[in-house]
Amino acid sequence: MKTISLKALLLYFVCLISIHSFAQDKQERQLILIDKDWRFSLGHSYETQKDFGHAEGYFSYLSKTGFGDGPAAPGFDDRAWRKLDLPHDWAVEQDFSEKGSFSHGFKAAGKGFPEKSIGWYRKKITIPESDLGKIISLKFDGVFRNSKVFFNGHFLGTEESGYNGFEYDVTAYVNYGGENTIVVRADASMEEGWFYEGAGIYRHVYLQKTNPLHIISNGTYVIAEIKNSNAGVTAEVTIENKGNYKGSIEIVQTILDPSGKQVSSISENTLAPDFYKTAKITSKLQVLNPLLWDIDTPNLYLLQTQIKQEGKIIDSYETNFGIRTIRFDAEKGFFLNGKPLKLKGTNNHQDHAGIGTALPDELQYYRIKKLKEMGCNGYRCSHNPPTPELLDACDKLGMLVIDETRLMGINDYHLNDLKRMIERDRNHPSVFCWSVGNEEWNIEGGIVGERITNIMQGFSKSIDPTRPVTIGISSGFKSGISSVVEIMGYNYMGNGDIDAHRNEFKNQSGMGTEEGSTFATRGIYFTDDANHYQSAYDKKPRPTFYSIEEGWKFYAARPYLAGMFIWTGFDYRGEPTPYGWPSVTSYFGMMDLCGFPKDNVFYLKSWWQNEPVLHLMPHWNWKGMEGKEIDVWVYSNCDEVELFLNQKSLGKKKMEQYGHLEWKVKYAPGTLQAIGYKNDRKILTEIQKTTEDPESIKLLVDAQNPLKANVAVVTVEVLDKKGLQVPTANNEITFSIKGGKILGVGNGDPTSLEKDTFIDDITLVSITNLKEQRLSETNLPQEQPSYSQNNWVTAFKDRDYKNQALSYAYQGEFDLKNNSKNNSVNFFYKKIGVEAVIFVNGNKVTASAEDAQKYILKTDILKEGKNIIYIIVKPLQKIKDWDVMNTDPGIIQVITPSDPWKRKLFNGYAQIIIQKDESDSDVILSASAKGLKADVLNINLKNK
Ligand code: GAL
């Protein structure tokens, strides 16, 4: 074989780029979201045949480029696969199973489910000829997990973690002016965390086009330092040259203030880096009297960075940043912009009711807003880097973030993940602290933990010296990590003596990185272990854990503690402690999986923010409990609260700071009323009324619409005849939608095994036992002939392509599990000959109008069990000896329509997440239930 030297190839490529880059100079970068129109199918984790024959090739794609096989090959026929848009989580779409993972919320997917642990995604894109000369790359924000990506059959790489963003340069593999195939194989057969993690491409994917000389992804780093009410801004930019331009370039950096007005600009001349080399350019800018970023006024500035070559802009890149100062003080806690700020935080995982981990961006805003309403100002991304949109939401809404890497260690594997997280996230003003570990029990108390911490801490400072580092520690606070970590992260006061640790390490700042882990079910006021419901009264959950109130009193009383982060803000799937199957979500949240508040929210609201609060619990629907004592609690920041039952005072009580009030009340139906006083003045009234049975359904759309969204969160509740919301209702509600689609439904019930999504089932049925007969006719039959049964031989076996028959009959079988009239059955034929005539169970079938190789099979010619297909064709001829001929007749696709979308209310509420389609019409959502008046909601959403 003729060998071409690497050098010659490189030269060729450089020339190629240089020829074409000339014409492209004026073009700036494009970042194109390519979430729409993917094809998806589940594969198999070890049976290659069920994995569409992937990794069966004689030459593996691991040692021959372009040899991606099975679905990884560009020519693979995916017409029978499901069409979907990203983000997507296939785990949430599955049923629940007792054999499922406790950590992952018992979904029948991933670990232990080899047929539901591999997801294949395919997408075709056209890249115009005019893009030749640009650098083309694919950017993934995160795929769960162990993804392999192929482009036009070329294997691009593997990203093991489900939490890292990654990028592949595909420039050399592109079919310019034609079709290109992106293929992703995600393998969720192993878990990373001990909590629900979803499965699939659950974050955004982009196609990026830049000039060969460009700013690398996450290639800017903005540091603002405030001096005498002005800000000195250092803007560092990393550029890379994947072309052959040698010569000077200009780097122009411009700052726009929150109103979009230019406030500073600077230009530097420098030399383009050498081929495939990078260079860092640092510019100093000034912002006079900056508007600071803080949690109440999250002012954001924009840095625009441009590269100019011979006066023309060849790349431009935008970086949002904020101007603010952060400081930890070992005595006085945390300071934002020079002012003390107690951190009132929550930990959270990244899933939500109905949609699992595939959150549309709007949901990030929804969730952060819910936390802010509770008075929360801090968010710990436990225990992995979040999706970038979460940080955007925190920047824009004013929420401080602890950004956490996944695994401690000092090797490339660990440090590279940490580096990528810091480089991606260090311009977000919301991020105030890096966390490099959580509860590393193997090492946290000893010298190994100490060494690893020192290295990870120093390493993180080398990338971002402006933020401190913490680690959540839980097995005693005495030695090991505790003695060296910059900001001590106490995970639970019950795990050690926090005051004693602080007395020993007086110069070390600290905060409660986890506290709480209390158990509560929304709307439940008597613990019912048999049914796995925990009462919502705040209580000490386990011997070494404390109630939310105990926790907050402890942290609030100690100025040296910067604050506490509750485990957790929202319930999440998995970790249904203290129960197991059939409980599928956690009980720890201040809010349930949908974001409906449990009563603890109002405790926090009382003491975490300044608006007056008065909350009365429980509800007052206790039929059958007449005369029995009920615990009535009040959460409030009023000075005093008086309680009344049916207008009779049950006494006025003084509120202790950070406390709550309790009464024992003999139940009688009617009106329970609390009146809150401040400075002896009535300021608030709160009522719980006994309701009657539900009479009508009410749909309420969440008012906020931060992104001019095409997604909305809708609350479903039921009202009695007086219009009172019924807090105990559990009616099953059925939904239908026009002008959009439903993404998921939930109700916050930790034991609900109802479906989260209602999507049509697609089953792919192979044609088996394919046999053939040589025929001597050239006219293909119009009716199914009866062939002699003796002449059938295995199809294509030892075919002599130089001596083929004039025509062939093929006979195959396919098995249908059922033949319901509602099914749609399609045969996606793949050419095994010319001019095919096809018979199914003796009936001639004709190709569909939209695709000449698709046959719609009506259910009246099909049957449950074995079906027989005949394909009669003239043979395909080999042109060259080495041509590989198709021997696969294609696949049968059975679509079974889903049931209508439905969900039971849980203690009065359900949630439905909807997305507008691209038409101009409004979204119309209808809800109905047996015996209830239906509701219809007209929702005006924006097109995206
Ligand atoms: C902590 C852990 C969290 C969660 C929590 C439940 O130990 O860091 O991830 O598991 O316990 O109580």
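A polar contact is a pair of N or O atoms within 3.5 Å. With that cut-off in mind, the tour of this predicted model opens at the ligand.

**Stop 1: the ligand and its shell**

Select the ligand together with Trp194, His383, Asn438, Glu439, Tyr492, Glu514, Ser517, Arg542, Trp567, Glu575 and Phe588, the residues that surround it. By class, this shell comprises four nonpolar, three polar and four charged residues.

Next, display the side chain of histidine 383: one of its polar atoms lies 2.6 Å from an oxygen atom of the ligand. Move to asparagine 438, where an N or O atom of the side chain is 3.0 Å from a ligand oxygen atom. Then select glutamate 439, which places a polar side-chain atom 2.3 Å from an oxygen atom of the ligand. A surface display of the ligand is useful here: taken alone, the ligand exposes 310 Å², and the protein buries 89% of that.

**Stop 2: the span 332–472**

Select residues 332–472, which the UniProt record (an unreviewed entry) lists as "domain: Glycoside hydrolase family 2 catalytic". The chain over residues 332–472 is 38% helix and 23% strand. A distance drawn between the end C-alpha atoms of this span reads 20 Å.

**Stop 3: a three-stranded sheet**

Colour strands S11, S12 and S15, which form an open antiparallel sheet in the order S11-S12-S15. Which strands lie at its edges? They are S11 (213–227) and S15 (277–288), each of which pairs on one side only. From one strand to the next, the twist averages 15°.

Now isolate S12 (residues 230–241) and S15: the two run antiparallel and are joined by 12 bridges. To find one cross-strand pair, select asparagine 230, which stands opposite leucine 288 in S15.

**Stop 4: a six-stranded sheet**

Proceed to the open sheet of six strands ordered S42-S41-S43-S48-S45-S46, again with antiparallel pairing. Strand S42 (793–794) and strand S46 (843–845) are the edges; each has a single partner strand, so one side of each is left without a neighbour in the sheet.

Within this sheet, select S45 (residues 834–840) and S48 (residues 865–874), an antiparallel pair joined by five bridges. Phenylalanine 839 stands opposite tyrosine 870 in S48.

**Stop 5: the span 709–756**

Select residues 709–756, where the UniProt record (an unreviewed entry) places the feature "domain: Glycoside hydrolase family". This span is 0% helix and 48% strand, and its end C-alpha atoms lie 22 Å apart.

**Stop 6: backbone details in loops**

Where do the cis peptide bonds at proline 578 and proline 618 lie? Select threonine 577 and proline 578 to see a cis bond with omega near 10°; proline 578 belongs to the loop between strand S28 (561–567) and helix H9 (600–608). Then select methionine 617 and proline 618, joined by a cis peptide bond with omega about 5°. Proline 618 is in the loop between strand S29 (614–617) and strand S30 (629–636).

Finish at asparagine 146, a residue other than glycine with a positive phi, near 45°. Asparagine 146 sits in the loop between strand S5 (135–140) and strand S6 (147–151).

Terms used:
Residues are numbered from 1 along each chain as its sequence is written. This is a predicted model: local features need pLDDT of at least 70, side-chain atom pairs count only at pLDDT 80 or more; totals for chains, interfaces and linings use all residues. Side-chain values use heavy atoms; hydrogens and water are left out. A residue is near a molecule or strand if one of its heavy atoms lies within 4 Å of it. A polar contact is a pair of N or O atoms within 3.5 Å; within protein, one must be able to donate a hydrogen and the other to accept it, and residues adjacent in sequence count only if both atoms are side-chain atoms. Accessible areas come from the Shrake-Rupley method with a 1.4 Å probe; for residues, only the protein chains shown count as cover. Ala, Val, Leu, Ile, Met, Phe, Trp, Tyr, Cys and Pro count as nonpolar, Asp, Glu, Lys and Arg as charged, and the others, Gly among them, as polar. Two strands pair if DSSP finds at least two bridges between them. Helices (H or I, at least four residues) and strands (E, at least two) are DSSP runs, numbered from the N terminus. Axes are lines fitted to C-alpha atoms, for helices over the stretch in contact, and angles run from 0 to 180 degrees between N-to-C directions. UniProt positions are given in the numbering used here, feature names are shortened, and annotations may be inferred rather than shown by experiment.
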